[in-house]
Every structure is written in structure tokens, then in C-alpha cells.
Amino acid sequence: MSAPIYLDYAATTPADPRVVDKMMRHLGQDGVFANPASRSHMPGWLAEQAVEGARRQVADLINADPREIVWTSGATEADNLALIGFLRANRARGRHLVTSTIEHKAIIDTAIALEAEGFEVSWVAPESDGRVSPEALRRVMRPDTALVSLMAVNNELGSINDLAALSAVSHEFGARFHVDAAQASGRLALDVEAMGIDLMSLSGHKVYGPKGVGALYVRRDPDLRLEALIHGGGHERGMRSGTLPTHQIVGMGEAFELARDERERDARHVDALRQRFLDGLSECQGIHNHSPLADSVPNIVNLAFDGVDGESLLMALRGLAVSTGSACNSASVEPSYVLKGIGIPRTQALASIRFSFGRFTTADEIDRAVDEIRRALAGLRRESETLADTVPNRQTATNHR
Ligand SMILES: Cc1ncc(COP(=O)(O)O)c(C=O)c1O
């Protein structure tokens, strides 16, 4: 069997070959493998130099100072550090956190854990296009709001929040503004200065870097303090202890530099693929696109298909590597909370699939994917029509499942 066509770039991307090459040179005995905290010898200094070079590469993509980058194991840890670390360190500022109902679980579950610790959380509902409006944010802001956390790009829909406007509202109330930018780096022009961002979570593996590494941008401001979640050798200015994984870090640095150089080319490539994909499916009846075409990244297309259920369609699309809703929720049979959150009816949400494209997706792969979707849809719809003809009481039967 040939390998499926990979259309799940929003779940993770393959590492770029240039990233892999750089990582390989920082792993083995003949490379720069030493502990970057070993200041007593040359191999340690070389590793430290490599880590600091990568810190600059990551900082440059978001217009930050390298001293504002704290390495973590990924965006999940960065989100935890931002929310828990900030709120615990700033109890005197207030106990109120604001976030949205369609954030990634790394934010939602962290906010729920903070509620159990005595913090209060307000959950803003997004508009039907998956964006949080500054007016909706303003309605829940309070004098004791310490932190607002909103994502840059939604991982299931691709919708883009107006970060500058949302940060302005947060700051008007004296709150700090955290952004989960896991899906945004390499896809949007991010500028923490121009957008007024205080904390920003980043991930390596969504941008053709390795899995298991990420970063938290922490604005250099004496009033912005974080309490560490991981204690140990005092690495990363005491905010995150643990021996730095040099090979992962240089991989993320290289990926972020490539993202800076190639972002516009990647965007043009993926935009053309999205158009080709949607054009290819335009003759099929009963397809709903949940991803807005404006104010969205072109690499994510979330479609619902009338007359089929998502699981059967996913089974029929064996030649495609795609996901229903967020990859992190793939064990769940509940409809995606993100789709529910923007008002998509349950049956339609259950019949939804996220297709996501990337740097290495080809036009030929899109054409083959379109063919496969068309064939699968026609087959499943034919089957359900036949079933409806032979089982007149099908509606009742389905309700008991
Ligand atoms: C918006 C968003 N935030 C956070 C994460 C978690 O990132 P990581 O896998 O680096 O922990 C993801 C990845 O699925 C994501 O899409």
C-alpha cells in the first residue's frame, strides 16, 4: 500500500531537511553535543553558542530581543507557564483570567486547573467565523483582570484574531496579554512590539521544526514576573530549569529562520493549493466550509459533508492522512468543541474533517485528494440512499445508536 497523502500539517509538520541536517550536527560525538550549561570547557561553550544563536533566530521572527525567549518543551508547556506562572506570581494584581471557549486544550485545561486553585475565569464566545471580537472581550474585562489569553490562529478553523486590537483592550484594563501563536508562526507576520504582546507561546513542530521543543516569549519588563513551574538548576533565568536540548533548540532556531525567509513563498504556495482544493470540490453538493476565507490562514480548510458521518468518511478516505477536529481530541467521539463553539449543529460538526496543507504538499497530491473525496462521498451517499430505500424506519434506528 502506498503512503497516504499527508494533509494534516496543522497537527504537525515534517521537519525541513535543512532542519534535520542542522540537528544532526548537534547530537553525536562528532558534533556539538555538550551541555550548554558546561561553562568550564570549549565543547560546552560551543553548545551555548549554538543555543544562543537559535534564541536569536526565534526572537527575530517575532521582533523580540533574544533575552525574552524562554525555551520549553513545546507550546503546551509555554501555555502552562504563561497562565499558571503569571497568575501565581501576580495574585496581588488580580485573580481574574479571560480566555475564549475555542482555545487549544493547552489553554482550556490550564484555565480549568487555575479555577480549581481559586482563580476566576471568564470564557469569551467567538463570532461565527472563529474570531474573538474586541467588543466581546471588553464586555468581560474587570478591574481585577490580570491576564487575557487568546490564540493568534485557531488550529481547527484557521481564523486569525486581531491581536493588536485585543491587546489594546487588555491593556486599557491594566491586564497583560498572552497569545498562543503555535499555529501562527511562519504563517503570519508576528511582531510582539507592534501588536503589544506581553507573553507568546511558540512551538517548533508546527513550522517544520522538531517536536518536543517550544518557547515562551516573556516581555522584558521588571513588572512582568513569572513563577517557575519546573524547579532545578535555575536555567532560563530561573523560569524553566532543565538541561537544554541543544539539537532540538538549534532545529527550532533553523526552522524559525527558514520561516522568516520563506513565509511569503509558503503562503503563496499554500494559498494556490487551497484554491485548487476548493475549486476541485466545487461541483460536489452539500459541502460546507467552516474556515473563513478572509482573516484566516490558507493552510487549514475545515469542511462538513451533508449526508455522511465524519467517522465513515474518514474510514473511506484511507488514502488521506487528515483529522476530524483537533488531533489532540481524536480519541473522542464528541463533536469538536471548537465547531460547537462557533454554532455548528452537532450532526454537521460530526461530519467535519480538517484538511491542512504545507510547504511540501504538491498540486498533484491535492488533485488526487480531491478525486478520493469525490469518490468516497458518492459511494457513502449511494449507500445511505440504498439503506433509506430498504429500511423505511431508518431515522428511528439511527436515533438508538
Ligand atoms: C493552538 C495550539 N496551541 C498549542 C498547541 C500545543 O503545541 P505543542 O504540541 O508544541 O505542545 C497546539 C498543537 O496542537 C496548537 O495547535
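User: Welcome me in with one pair of residues: in β12, what is the bridge partner of Ala304?

Analyst: Happy to! This is a predicted model, and Ala304 falls within strand β10, residues 300-305. Strand β12 covers 352-356, and the residue there that bridges to Ala304 is Ser352.

User: How many bridges join strand β10 to β12?

Analyst: The two strands run antiparallel. They belong to an open sheet of 3 strands with the order β9-β10-β12. The number of bridges joining β10 to β12 is 5.

User: Which are the edge strands of that sheet?

Analyst: An edge strand here pairs on one side only. In the order β9-β10-β12, strand β10 sits between the two others. That leaves the edge strands as β9 (287-289) and β12 (352-356).

User: Which helix packs on the sheet?

Analyst: The helix in question touches β9, β10 and β12. Its direction makes about 15° with that of β10. Spanning residues 246-281, this is helix α8.

User: Now the ligand: which helix gives the largest share of the shell around it?

Analyst: The ligand is surrounded by 13 residues, with Thr76 among the closest. The largest share from one element is 3 residues. They come from residues 75-89, helix α3.

User: Which residue has a polar side-chain atom 2.6 Å from a nitrogen atom of the ligand?

Analyst: Thr76 also places a polar side-chain atom at 2.6 Å, but from an oxygen atom of the ligand. For the nitrogen atom, the residue is Asp180.

User: What percentage of the ligand's area does the protein bury?

Analyst: Taken alone, the ligand exposes 390 Å². Of that area, the protein buries 89%.

How values were computed: Residues numbered from 1 in each chain as written. Predicted model: local features only at pLDDT ≥ 70, side-chain atom pairs only at ≥ 80, totals over all residues. Heavy atoms only, no water. Near = heavy atom within 4 Å. Polar contact = N/O pair within 3.5 Å; in protein donor to acceptor, adjacent residues only side chain to side chain. Areas by Shrake-Rupley, 256 points an atom, 1.4 Å probe, with all protein chains shown as cover. Helix = DSSP H or I, 4+ residues; strand = E, 2+ residues; numbered from the N terminus. Pairing = 2+ DSSP bridges. Contact = heavy atoms within 4.5 Å. Axes fitted to C-alpha atoms, helices over the stretch in contact; angles between N-to-C directions.
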